[in-house]
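Here's a quick tour of one protein chain, written for someone new to reading structures. Keep the 3D view open and click along as you go.

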Amino acid sequence: AHRTEAAGVEALGAALLDALPGLLRKYGADDGLLPHLMGLAAFAAGWDVVFTDVAAVLPSTRRNIEVNAAACGRPLNDPNALDLLAFDWNGPLPDRVALLAPSFATIVVSDCLFRATYHAPLARTLAALLAAAGPAAPEILVAFQLRDDADLLFFTHALPYFGLRGDRIDIDAHLAGLRWHNVPSHAIRDHLFLYGVVAAPR
């Protein structure tokens, strides 16, 4: 995502989390939409957003975005404001992603840690994005639902291997207003997390 004015990683994370309850109230959420909610929240907050997903699911990704984007209050027909690209972490950065990398203010990774086999390719991809961005390194947010303690190996093992570090951001106050399928708010706080990812000091 990119925007004219810069925002700190914690401020952006707070803004996105504050936008989520409104999106959920208007349209609800199903499993196909969950990974895209953070991007839709960023779009609603006025950011220009590039969504990425594997090519096989791009049609359903596009449908989810089109059906739910009305809650954002912004038109979808501006390709500079909202774009959708195929991106497989097991390969090199797509040319367009590499080209856009220096303009990214923030990279948001949403609900991508539920399979341990994703951890190394994702960490390698984030390191490649930071390298492609050069001196104008984007801030990185990783939002996820904790399904198993093994999800945390992404931060303790995968990120350090590729020279990165993850720092947990306290989001409890923002989760207090979030309602999810009649799940108690304390259970939401126990399972939804936000981390900032940066290059580890050498």
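Let's start with helix α2, residues 37-44, which is mostly covered: 7 of its 8 residues are buried. Keep in mind that this is a predicted model. From that helix we'll step back to the whole chain, then zoom in on charges and rings.

**Helix α2**

- Which residues of α2 are buried? They are L37, M38, G39, L40, A41, A42 and F43.
- Here's a handy bit of background: an α-helix has 3.6 residues a turn, so residues three or four places apart point the same way.
- After α2 comes G46, and its phi is positive, near 100 degrees.

**The whole chain**

- How many helices and strands does the chain have? Count them up and you get 8 helices and 6 strands.
- If you read along the sequence, the order goes α-α-β-α-β-α-β-α-β-α-β-α-α-β.
- The chain has 202 residues, and 43% of them are buried.
- Take the contacts between residues at least 6 apart in sequence: 75% of these join residues at least 24 apart.
- The accessible surface adds up to about 10400 Å², and carbon and sulfur atoms account for 55% of that.

**Salt bridges**

- The structure has 3 salt bridges, and we can visit each in turn.
- R96 and D83 meet through their side chains in a salt bridge, at 2.9 Å from N to O. R96 sits in helix α4 (residues 95-100) and D83 in strand β2 (residues 82-86), so this pair ties together parts that are 13 residues apart in sequence.
- Is D83 buried or exposed? D83 is buried, because its relative accessible area is 17% and the cut-off is under 20%. R96 is partly exposed, with a relative accessible area of 37%.
- R147 and D111 form a salt bridge too, with their closest N and O atoms 2.9 Å apart. R147 is in the loop between β4 and α6, while D111 is in the loop between β3 (106-110) and α5 (119-133), so the pair ties together parts that are 36 residues apart in sequence.
- R147 is partly exposed, with a relative accessible area of 42%.
- D167 and R165 form a salt bridge as well, and again the closest N and O atoms are 2.9 Å apart. D167 is partly exposed at a relative accessible area of 31%, and R165 is partly exposed at 35%.

**A closer look at D111**

- D111 counts as buried, at 11% relative accessibility.
- What is the phi of D111? It is positive, about 55 degrees, although D111 is not a glycine.
- The side chain of D111 also makes a polar contact with the side chain of R147, at 2.9 Å.
- Who else does D111 touch? Leaving aside neighbours within four places in sequence, D111 is in contact with A143, F144, Q145 and R147.

**D151, a buried charge**

- Where is D151 found? Look in the loop between β4 (139-145) and α6 (153-161).
- D151 is buried yet has no salt bridge. The nearest side chain of opposite charge belongs to R147, and it is 5.4 Å away. A salt bridge needs the atoms to be within 4 Å, so that pair doesn't qualify.
- Not counting residues up to four places away in sequence, D151 touches L113, F114, H119, Q145 and L146.

**Aromatic rings**

- The structure holds 8 aromatic pairs. One of them is Y161 with F162, an edge-to-face pair with 5.1 Å centre to centre and 80 degrees between the planes.
- Why those two numbers? A pair of aromatic rings is described by the distance of the centres and the angle of the planes.
- Y161 counts as exposed because its relative accessibility is 69%, and the cut-off for exposed is over 50%. F162 is partly exposed, with a relative accessible area of 24%.
- Which residues form one aromatic cluster? F144, F154, F155, F193 and Y195 do. You've met F144 already, as one of the residues in contact with D111.

Key:
Residues numbered from 1 in each chain as written. Predicted model: local features only at pLDDT ≥ 70, side-chain atom pairs only at ≥ 80, totals over all residues. Heavy atoms only, no water. Helix = DSSP H or I, 4+ residues; strand = E, 2+ residues; numbered from the N terminus. Buried < 20%, exposed > 50% of the residue type's maximum accessible area, 1.4 Å probe, protein only. Lys, Arg positive; Asp, Glu negative; His and termini not counted. Contact = heavy atoms within 4.5 Å. Phe/Tyr/Trp six-rings, centres within 6.5 Å; stacked < 30°, edge-to-face > 60°. Areas by Shrake-Rupley, 256 points an atom, 1.4 Å probe, with all protein chains shown as cover. Polar contact = N/O pair within 3.5 Å; in protein donor to acceptor, adjacent residues only side chain to side chain.
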